[in-house]
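Here is a walk through how two chains meet, and through a few salt bridges and residues that are worth a look. Keep the model open while you read.

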There are 2 protein chains.
Amino acid sequence: MKDIAIGVDIGGTFTKVGMVDKEGDVLADAIIKTSDYPEVDKFMANLHHSIQKLIDQAGAVNVIGVGIGAPNGNYYKGTIEFAPNLNWKGVIPFVELSRKHLDVTTVLTNDANAAAVGEKIYGGARNMSDFIVITLGTGLGSGLFVNGKLVYGYDGFAGELGHVTVNMEGRICGCGRRGCLETYASATGIRRTAFELMADRTIPSELRKYSFENLDAELIFNAAEKGDQLALEAFHITGKILGTKLADTVVHTSPEAIFLFGGLAKAGNLILEPTKKSMEAHLLEVFKNKVKILPSELTKKNAAILGSSALVWQEITLKQT
Amino acid sequence: MKDIAIGVDIGGTFTKVGMVDKEGDVLADAIIKTSDYPEVDKFMANLHHSIQKLIDQAGAVNVIGVGIGAPNGNYYKGTIEFAPNLNWKGVIPFVELSRKHLDVTTVLTNDANAAAVGEKIYGGARNMSDFIVITLGTGLGSGLFVNGKLVYGYDGFAGELGHVTVNMEGRICGCGRRGCLETYASATGIRRTAFELMADRTIPSELRKYSFENLDAELIFNAAEKGDQLALEAFHITGKILGTKLADTVVHTSPEAIFLFGGLAKAGNLILEPTKKSMEAHLLEVFKNKVKILPSELTKKNAAILGSSALVWQEITLKQT
């Protein structure tokens, strides 16, 4: 019987679920529309119905555990707490509810932490003990590894690098403050930067034909690939701001590498190079030319499932040590 | 036979050495003038001569190990590397040299890390796994604990919070960059702030009679205690800047508490209160009213020896787990 882990990635619209072996191969997967379920109990029943179907189809497998990546997921409590993009309000004891259906090792954390564990188990950080994963999606998430373990901190919410302050008089953030890093370095951040540039500059750009609602990071990427100066500058500014703040992060935990993961990171060197250049320019001497900025190696379409499933293998390893 | 650890705190001018038991009682201590020894070999011979004398005087003790706090100390390599305030240039294999004289467990790290380990073993962090110690001396040093262990990072130089950037166009720092936190939040930083205030304001202040060379943090503290408005404002600004950057630090590792240690921290509420108020004002919602700002409990005159000796007990514990 093959050991497998179930990976569950809960998003506001869709939940992805997959069956993953120790090597990171996704043997089968499914999608559930999260937003169709106003009540968590019915969602949970359907989720486990999907999981059972995956297991039945696979035949002889041994389910080691379930790993769950969720917005505002708390590792210590196994709860999803006040997630703004989910229907389920308040504090949801998600792990407890899940174990009523399938009583195996069940681990829950936020999606960025899951991505970091995925990088450690299946990706570019397999041989690293100290590294950081930055997820550049709608917001900016992060997962920090120190001494071979993910940092949860005292209350389970460590690694919120999207909310370090770039500029106290800067852009309004969804968190209610101003100038947070994710208002600049994220898919929505680069859109805001593109709009600022369109207001400031007079150079022509194909981005000028899009409304704010319609412009997204992919359109900015496509324009930049074609040499659109304004789009290129938007990437340059995004990397520059991200790099300056990563220089501050490096002096905290001295990582071997920082991995960029998620939508905006797919722009490759357009984002990696200005980020690296800016980080190096701002680094304390003792750290210069040591810290790698790398693309995540979890680039397949199932990256989110991989990250969540990796939580299970990581938990098993921790229990054994 | 009583188990004891030898604590050695190496400074540019003086080296303090002491014999400490598991409870944190300093049984005997001595001082060596570091700057009298242009060569490390002669310094080392004298250091061990002093250590031997302490041991001989104490009678029946069992030396468990030697803990060393040193500027630019590298835990992994046991080296002191390019310390600007020491006579010994380049990379000094300090642990290796020391073990030629006394072949016991010997641990070396920088003084701020030693202070953090001291807080964990003898001080206010005895029951904490995730906390931070900030040392406010000539510069600003820091030691971070995560999951019950000190964070050394990939290359052993983690925890350089003195060099996060407050303002890229800010004050020139000894590290060659501009606007580092320690140019504001340290004994020398508050002096610079006092001078800036004297230039900017017209209010009278007893600080106006001192030259830059003669003014120090203690004089500013004494003036503030007597109600000197300019001195009070210097403390307020110092705490405010420190607090804003600690809010960024909290989102990294989510500590239970942040301890302030060293010269400037002795000002008590004059520095603790504005720091706490500013940190809270800038914290991400999920961390508000959770993170304690506390004075270090290593307040005796032998704090530096305690910190260094604590490295030994910590190392023994790590080896046993």
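A salt bridge here is a side-chain nitrogen of Lys or Arg within 4 Å of a carboxyl oxygen of Asp or Glu. By that rule A:Lys290 pairs up with B:Asp155, with the closest N and O atoms 2.9 Å apart. This pair crosses between chains: A:Lys290 sits in the loop between helix H7 (269-282) and strand S13 (292-295) of chain A, and B:Asp155 in the loop between strand S11 (149-150) and helix H4 (187-200) of chain B. Helices (H or I, at least four residues) and strands (E, at least two) are DSSP runs, numbered from the N terminus.

Some ground rules before going on. This is a predicted model, in which local features need pLDDT of at least 70 and side-chain atom pairs count only at pLDDT 80 or more, while totals for chains, interfaces and linings use all residues. Residues are numbered from 1 along each chain as its sequence is written, chains are lettered from A and ligands numbered from 1 in the order in which they are written, and side-chain values use heavy atoms, with hydrogens and water left out.

**Where the chains meet**

How many residues of chain A are in contact with chain B? The count is 38, and they touch 38 residues of chain B, where contact means heavy atoms within 4.5 Å. The size of an interface is often given as the accessible area lost when the parts come together. For this pair, chain A and chain B bury about 3300 Å² between them, 60% of it on carbon and sulfur atoms; buried area is the accessible area (1.4 Å probe) that two parts lose on being put together, summed over both. On the chain A side, A:Tyr154, A:His252 and A:Leu284 lose the most area to chain B, and together they account for 21% of what that side buries.

On the polar side of things, there are four salt bridges between chain A and chain B. There are also 18 residue pairs in polar contact between the two chains, both residues being at pLDDT 80 or more. A polar contact is a pair of N or O atoms within 3.5 Å; within protein, one must be able to donate a hydrogen and the other to accept it, and residues adjacent in sequence count only if both atoms are side-chain atoms.

Which elements give two or more residues to the chain A side? They are strand S10 (140-146), strand S11 (149-150) and helix H6 (229-253) of chain A. H6(A) gives the most, with seven residues. Sorted by type, that side has 18 nonpolar, eleven polar and nine charged residues. Ala, Val, Leu, Ile, Met, Phe, Trp, Tyr, Cys and Pro count as nonpolar, Asp, Glu, Lys and Arg as charged, and the others, Gly among them, as polar.

How do the copies relate? A rotation of 180° with 0.0 Å of shift along its axis superposes chain A on chain B (RMSD 0.0 Å). That is the relation of a two-fold axis. The superposition is by least squares on the C-alpha atoms of residues with pLDDT of at least 70 in both copies. What's more, 100% of the interface residues of chain A are also interface residues in chain B, so the copies meet through the same surface.

**Salt bridges, one by one**

Over all chains the structure holds 24 salt bridges. Three of them are set out below, with the relative accessible area of each partner. Buried means under 20% relative accessible area, exposed over 50%, and partly exposed in between (1.4 Å probe, protein chains only).

| Lys partner | Acidic partner | N to O distance |
|---|---|---|
| A:Lys77, exposed, 56% | A:Glu81, buried, 11% | 3.4 Å |
| A:Lys226, exposed, 62% | A:Glu206, partly exposed, 25% | 3.4 Å |
| A:Lys290, partly exposed, 34% | B:Asp155, buried, 14% | 2.9 Å |

Salt bridges that share partners also join A:Lys245, A:Asp248, B:Lys245 and B:Asp248 into one network.

**Two buried residues**

B:Ser278 is in helix H7 (residues 269-282) of chain B and is buried, at 5% relative accessible area. Leaving out residues up to four places away in sequence, B:Ser278 touches B:Gly239, B:Lys240, B:Gly243 and B:Thr244.

A:Ala125 lies in the loop between helix H3 (111-121) and strand S9 (131-136) of chain A, and at 0% relative accessibility A:Ala125 counts as buried.
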